[in-house]
Amino acid sequence: MTTAALLWAGITLAAAAVALRTRQSPMERPLPTAVAVGGVFGLVAVAVGLQWRAQAVVVVLMTVGLAGLLLRWRALVAEDNLAPGVGGNRLLGRTGTVVTPVAPGDRSGTVRLGAETWPATATADTPLPEGHTVTVVAVEGIHLVVRSAQPDPVHTPHDVAEPDPGG
């Protein structure tokens, strides 16, 4: 084994040991994982026969590239898991009023939440008319998914007309 191969193997093993010892995912601590993978590519560069400078360039590019991808992945996951009150998720659970009719599968309806008007679609099979009160149940990009905030009418025995016994 050449000196370069021993160097890349040592870097790979040391970085892998750090990554495993922390017991965190590569998204939480991307650098040790990225360095370990970069070291593997250094070993590949040695096997292919690249000069030491080319090996170093390969290792640096792979390490920086993977670390950047892992950091971006972490940011995207964080955006999807925002707590209520942050980003679009701040709208979850809020009630508003239908401005233009909202129907399931149709994103041309709009809903007013406070001073803001948002494009919306409905969850139910029934379109929600203008003036209807709705609750935000999901956010899909800039579109809200809403359901009726008005309770379904409850039928009681008094709601049903009883036949007149006398006639």
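**Exercise 1. Work out in what order the elements of the chain run from the N terminus on.**

Solution. Start by counting: this predicted model has three helices and five strands in its chain. Then walk along the chain from the N terminus, and you will read α-α-α-β-β-β-β-β. Next, look at the confidence. The chain averages a pLDDT of 83, and 83% of the residues score at least 70. Helix α3 (residues 52–80) has the lowest confidence, with a mean of 85, while strand β1 (residues 95–100) has the highest, at 94.

**Exercise 2. Find out how β4 is paired with β1 and with β5.**

Solution. Take β1 to begin with: three bridges join this strand to β4, and the two run antiparallel. One place to see this is Thr97, which stands opposite Thr133 in β4. Now turn to β5 (residues 143–148): β4 pairs with this strand over six bridges, again in the antiparallel sense. Here Val136 has Val146 in β5 as its bridge partner. Finally, look at the link: β4 and β5 form a hairpin with two residues between them. In the turn, Gly141 has a positive phi of about 70°.

**Exercise 3. Decide whether His132 is buried or exposed, and list what it touches.**

Solution. First locate the residue: His132 is found in the loop between β3 (116–122) and β4 (133–140). Its relative accessibility is 14%. The cut-off for buried is under 20%, so His132 counts as buried. Then check its surroundings. Leaving out residues up to four places away in sequence, His132 touches Gly96, Thr97, Val98, Ser148 and Gln150. Thr97 is the residue you met opposite Thr133.

**Exercise 4. Describe the largest nonpolar core and say which element gives the largest share of it.**

Solution. Count its members: the core has 13 residues. Those with the most contacts inside it are Val102, Val111, Leu113, Leu128, Leu144 and Val146. Two or more residues come from each of β2 (109–113), β3, β4 and β5. The largest share, three residues, is that of β3. As background, nonpolar side chains tend to be buried together in soluble globular proteins.

Now zoom in on one member. Setting aside residues up to four places away in sequence, Leu128 touches Val98, Pro101, Val102, Ala122, Val134, Val146, Arg147 and Ser148.

**Exercise 5. State what percentage of the chain's residues is buried, and what supplies the area it exposes.**

Solution. Of the 167 residues in the chain, 26% are buried. For the outside, the chain exposes about 10900 Å², and carbon and sulfur atoms supply 64% of that area.

Note on methods. Residues are numbered from 1 along each chain as its sequence is written. This is a predicted model: local features need pLDDT of at least 70, side-chain atom pairs count only at pLDDT 80 or more; totals for chains, interfaces and linings use all residues. Side-chain values use heavy atoms; hydrogens and water are left out. pLDDT is the predictor's confidence in each residue, from 0 to 100. Helices (H or I, at least four residues) and strands (E, at least two) are DSSP runs, numbered from the N terminus. Buried means under 20% relative accessible area, exposed over 50%, partly exposed in between (1.4 Å probe, protein chains only). Contact means heavy atoms within 4.5 Å. Two strands pair if DSSP finds at least two bridges between them. A nonpolar core is a set of buried Ala, Val, Leu, Ile, Met, Phe, Trp, Tyr and Cys residues joined through side-chain atoms within 4.5 Å. Accessible areas come from the Shrake-Rupley method with a 1.4 Å probe; for residues, only the protein chains shown count as cover.
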